[in-house]
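I'm opening a fresh page for this one. The plan is to go through the strands, then the ligands, and jot down what turns up.

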Amino acid sequence: MEIRLEGLEETKEMGIKLGNILKSGDIVCLNGELGAGKTTLTKSIGLGLGVTDYITSPTFALINEYNGRVPVYHFDVYRLENVEEIYDLGFDEYFYGKGVCIIEWAEKIERLLPKERVILDIEKGKALDERIINIKGSGNRYIEILKELEKN
Ligand SMILES: Nc1ncnc2c1ncn2[C@@H]1O[C@H](COP(=O)(O)OP(=O)(O)OP(=O)(O)O)[C@@H](O)[C@H]1O
Ligand SMILES: [Mg+2]
C-alpha cells in the first residue's frame, strides 16, 4: 500500500490514524534516509496512542519510553554498531512485551525482529514537504492494520 502525503498536516493525520489502530504488542518499523520524516511521523503515531509527553528523537539514548494508552517504546537504532547488541540492551524484551514498539532505522536489525510487524518505508517526494509512504509487513496483525488504514 502506498500513501502520498503532501505536507506535514497529512503526515500528522496519517500518524494519528495509525496510532489509533495500534495495540499492545504491535511493532512499527520506520525506514527512510536521514530527514525522511521518521521522528516526525513517530510524534503523530504517539498522539494517536495517547502519548501526551513531547516525543523527541532517541538517537543518543537508542530508546525512549512513553506512557500512552499502552506503553510506547521509541527506538532509533541508527547508531547501533553491532546488531547483536540489541540482546545485551534487552531490546528483545520490549519487542515481545506489552507495549507498542516504534523503531527508526529498523531495516538495520530486520533479521532480529519478530515476524509480526508493520514496515513503513518513507521517501521524499518531488515537492519539499511531500513524502511517499510504502507500507509493507509480515504476519497476521499487519493484514489487520492495513485493513483498518484502508477504511475511509
Ligand atoms: N510531509 C512531511 N512528513 C514528515 N516530515 C516532513 C514533511 N514535510 C517536511 N518534513 C520535514 O522533514 C524533516 C524530517 O525530519 P525527521 O527528524 O522526522 O527525520 P528522520 O527520518 O527521523 O531523520 P533521522 O534519520 O535523522 O532520524 C522535518 O524537518 C520535517 O519538518
Ligand atoms: Mg529520526
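**Strands first**

I started with Lys124, whose bridge partner in S7 is Arg131. A note to self before going on: this is a predicted model.

Arg131 came up again when I checked Leu5, since Arg131 is the bridge partner of Leu5 in S7 as well. That made me look up the strands themselves. S1 covers residues 2–5 and S7 covers residues 131–138, and the two run antiparallel with 4 bridges joining them.

Next I asked how many bridges pair S6 with S7, and in which sense. I found 8 bridges, antiparallel, with S6 spanning residues 117–124. The link between S6 and S7 is a hairpin, and 6 residues make the connection.

Then I followed Leu120. Its bridge partner in S7 is Ile135. Leu120 also turns up from another direction, as the partner in S6 of Leu30. The strand pair to look at there is S2 (residues 27–31) with S6: they run parallel, and 4 bridges join them.

A reminder I scribbled in the margin: in a regular strand, side chains alternate between the two faces of the sheet.

**Asn64**

I took a short detour to strand S3, residues 63–67, where Asn64 is found. Is Asn64 buried or exposed? The relative accessibility is 17%, and the cut-off for buried is under 20%, so Asn64 counts as buried. I also looked for a polar partner of the Asn64 side chain: one of its polar atoms lies 3.2 Å from the backbone oxygen of Thr56.

**Ligand 1**

Which residues come nearest to ligand 1? There are 16 residues around it, and I wrote down Thr11, Lys38, Thr39, Thr40 and Asp129 as the nearest.

I sorted the shell by class and got 6 charged, 6 polar and 4 nonpolar residues. Two helices, H1 (8–21) and H2 (38–48), each supply at least two residues of that shell. H2 gives the most, with 3 residues.

For the polar contacts, I went atom by atom. A polar side-chain atom of Thr11 is 2.7 Å from a nitrogen atom of ligand 1. Gly7 uses a polar backbone atom, 3.3 Å from a nitrogen atom of the ligand. With Gly35 the contact is again through a polar backbone atom, this time 3.0 Å from an oxygen atom of ligand 1. I then looked up how much of the ligand is covered: taken alone, ligand 1 exposes 640 Å², and the protein buries 75% of that.

**The magnesium ion**

Last stop, ligand 2, a magnesium ion. Which protein residues are its donors? I found Thr39, through OG1, and Glu104, through OE, at 2.1 to 2.2 Å from the ion. Thr39 sits in helix H2 and Glu104 in strand S5 (residues 100–104), so to speak distant parts of the chain, 65 residues apart. Both of these donor residues are buried.

Thr39 gets a second mark in my notes: besides being a donor to the magnesium ion, Thr39 is among the residues nearest to ligand 1.

Conventions:
Residues numbered from 1 in each chain as written. Chains lettered and ligands numbered in written order. Predicted model: local features only at pLDDT ≥ 70, side-chain atom pairs only at ≥ 80, totals over all residues. Heavy atoms only, no water. Near = heavy atom within 4 Å. Polar contact = N/O pair within 3.5 Å; in protein donor to acceptor, adjacent residues only side chain to side chain. Areas by Shrake-Rupley, 256 points an atom, 1.4 Å probe, with all protein chains shown as cover. Nonpolar A, V, L, I, M, F, W, Y, C, P; charged D, E, K, R; others polar. Pairing = 2+ DSSP bridges. Donors = N, O, S within 2.8 Å, 3.2 Å for Na, K, Ca; no water. Buried < 20%, exposed > 50% of the residue type's maximum accessible area, 1.4 Å probe, protein only.
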